[in-house]
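Let's take a walk through this structure together, starting with the whole and then stopping at a few spots along the way.

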Amino acid sequence: MSPRWARLSPVVLAVRGAALALTAAALGHTLWHGVREPGHALAFGVLITIGELARWGARPGEREPAPLGAAGALAYALLGRSGGEPTSHGVLQVLTVLVAAQLAASVPHVARGSGPGPDQVARRVLTVAFAAVCFQPLYNSGRSESWFGDGPYYAAFLLVLLGLTALCDAVLGALLLRARTLPRSLRAAGATPVPYGPLLRDELRALRGIGSAVCATGAVMALGVAVAGLWALPVLCLPLLLAQISFRRFAAVRTTYRQTIASLARSTEIAGYTRHGHARRVAVLCAAVGREMGLSGPELTVLEYAALMHDIGQLSLVDPVPDGATALLPPAEQRRIALLGGAVVRQTGVDTEVAVVVERQADPYREQPLSARIVRAVNAYDDLCGEGLSGPLGALEQLRLGTGRDYQPQVVESLARVLARGGLTPVPPG
């Protein structure tokens with residue numbers, strides 16, 4: 001085994017191996033028996049290829065950069081009739097068309113140095129295979145028609161099947177993310193893996209957005225082609241393409257918004273009030289602790305923005321705090337700086353929830369919202385880890401000693417677990 005493969009976790013190897021085995025079986029079967037209904041295979045292959053090419057312009061971390069490709073693959077997996085006539089393409093041909101389309105779309109992506117990674121491809125293959133295996137044998141054997149007919153019960157059957165497919169995709173996504181977060185080398189060094197529960201919750205929450213749109217479009221495509229034939233494909237894929245364009249524009253605006261907040265947060269560093277990289281380190285750790293404690297996506301966004309701007313109140317001080325370490329100040333002074341910071345945040349036009357977190361970060365933890373508790377604990381940790389103060393273990397010990405009034409015990413322990421996964425070291429400066 002090459003060194004590169006040796007670094008991969010067993011979960012990643014298992015997922016990639018299963019996808020590769022299914023792909024080999026599908027291609028071999030199709031080459032041996034030929035393509036059934038080549039017109040349908042070509043139409044759905046072109047649709048998936050166009051959807052995969054739409055990854056151009058996708059931003060890092062985007063949940064589903066190719067929603068049209070995913071919806072087209074699901075529609076072909078759930079296709080039983082076309083224009084009122086039964087189809088007979090089967091599970092393996094579904095996978096052959098999917099893989100061929102992804103290979104065709106990957107050529108310009110590879111030339112550009114981008115495109116989906118092997119884990120994303122394996123995840124797509126296994127998810128579509130799950131949907132096809134659940135649907136095609138039932139339909140081709142006539143059982144689904146005898147059990148559900150062609151009316152509302154059949155549509156309900158497709159919805160249930162799509163729900164199970166989405167759940168399968170979320171489980172795979174969380175497994176792969178957990179394996180990427182802590183590769184085999186860090187596991188061997190004794191680092192603690194990321195808890196699976198919060199990662200799965202994040203994947204399930206994402207289903208309410210683009211995931212539900214992909215599933216719904218896939219089901220509507222399959223039902224539309226069943227009645228109207230292949231002419232339904234261009235009509236039904238247009239809304240998802242428009243939604244994808246709108247989402248990309250929204251993501252671009254949101255990225256610019258975050259960059260503006262990050263620039264405002266750096267003003268304390270430029271003015272010499274806080275240490276270099278302090279706001280970024282606190283934001284990174286706060287986001288990790290928030291995920292550990294099960295915060296939702298919007299809550300994590302508010303937490304990140306508040307963590308970036310938590311020290312902006314120091315700009316109102318005549319004399320800077322030594323090293324910007326507000327955790328070492330008297331409680332009354334901490335609250336005064338927090339209130340000044342909240343006032344500044346309100347004037348910037350940022351969400352008022354962010355201002356509330358900044359204002360209340362110095363209150364006793366029993367009176368704080370959870371986001372403010374996280375910001376206070378993480379800020380204190382980074383302050384105590386500063387030059388001439390404490391190391392990581394000493395900082396955590398001081399936080400634990402302050403759990404009677406200043407820091408929530410659950411937040412401190414979540415921070416400890418996050419740090420343990422990184423070897424109990426502070427976030428690098430910068």
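Before counting anything, it helps to know what gets counted: helices are DSSP runs of H or I with at least four residues, strands are runs of E with at least two, and both are numbered from the N terminus. On that basis, this predicted model has 19 helices and two strands.

Now for the overall picture. The protein has 430 residues, and 48% of them count as buried. On the outside, about 20100 Å² is exposed, with carbon and sulfur atoms supplying 65% of that area. How does the chain contact itself? Take the contacts between residues at least 6 apart in sequence: 72% of these join residues at least 24 apart.

Next, let's look at how some helices pack. Two packed helices are described by the angle between their axes and the distance between the axes. Find helix α13, residues 278-292, and helix α14, residues 297-308. Their axes come within 8 Å and cross at roughly 155 degrees. An angle over 145 degrees counts as roughly antiparallel, so that is the label for α13 and α14. Their crossing is right-handed. On the α13 side, the residues that meet α14 are Ala279, Arg280, Val282, Ala283, Cys286, Ala287, Gly290 and Arg291. Across from them, α14 brings Leu300, Leu303, Glu304, Ala307 and Leu308. Sorted by character, the residues of this contact come out as nine nonpolar, one polar and three charged.

Now move along to helix α17 (residues 370-384) and helix α19 (residues 409-421). Here the axes are 10 Å apart and the packing angle is about 55 degrees. That angle falls outside the parallel, antiparallel and perpendicular ranges, and α17 and α19 are therefore oblique to each other. The crossing of α17 and α19 is right-handed. Which residues do the meeting? From α17 they are Leu370, Arg373, Ile374, Ala377, Val378 and Tyr381, and from α19 they are Val411, Leu415 and Leu419. This contact divides into eight nonpolar residues, no polar ones and one charged.

One last stop: Gly402, which sits in the loop between α18 (392-401) and α19. Is Gly402 buried or exposed? Its relative accessibility is 14%, and the cut-off for buried is under 20%, so Gly402 counts as buried. From there, look across to Ala377, one of the α17 residues that take part in the contact with α19. Gly402 and Ala377 are 25 residues apart along the chain, and their C-alpha atoms are separated by 9.8 Å.

Notes: Residues numbered from 1 in each chain as written. Predicted model: local features only at pLDDT ≥ 70, side-chain atom pairs only at ≥ 80, totals over all residues. Heavy atoms only, no water. Axes fitted to C-alpha atoms, helices over the stretch in contact; angles between N-to-C directions. Parallel < 35°, antiparallel > 145°, perpendicular 65-115°, else oblique. Left-handed = near helix turned anticlockwise from the far one by under 90°. Contact = heavy atoms within 4.5 Å. Nonpolar A, V, L, I, M, F, W, Y, C, P; charged D, E, K, R; others polar. Buried < 20%, exposed > 50% of the residue type's maximum accessible area, 1.4 Å probe, protein only. Areas by Shrake-Rupley, 256 points an atom, 1.4 Å probe, with all protein chains shown as cover.
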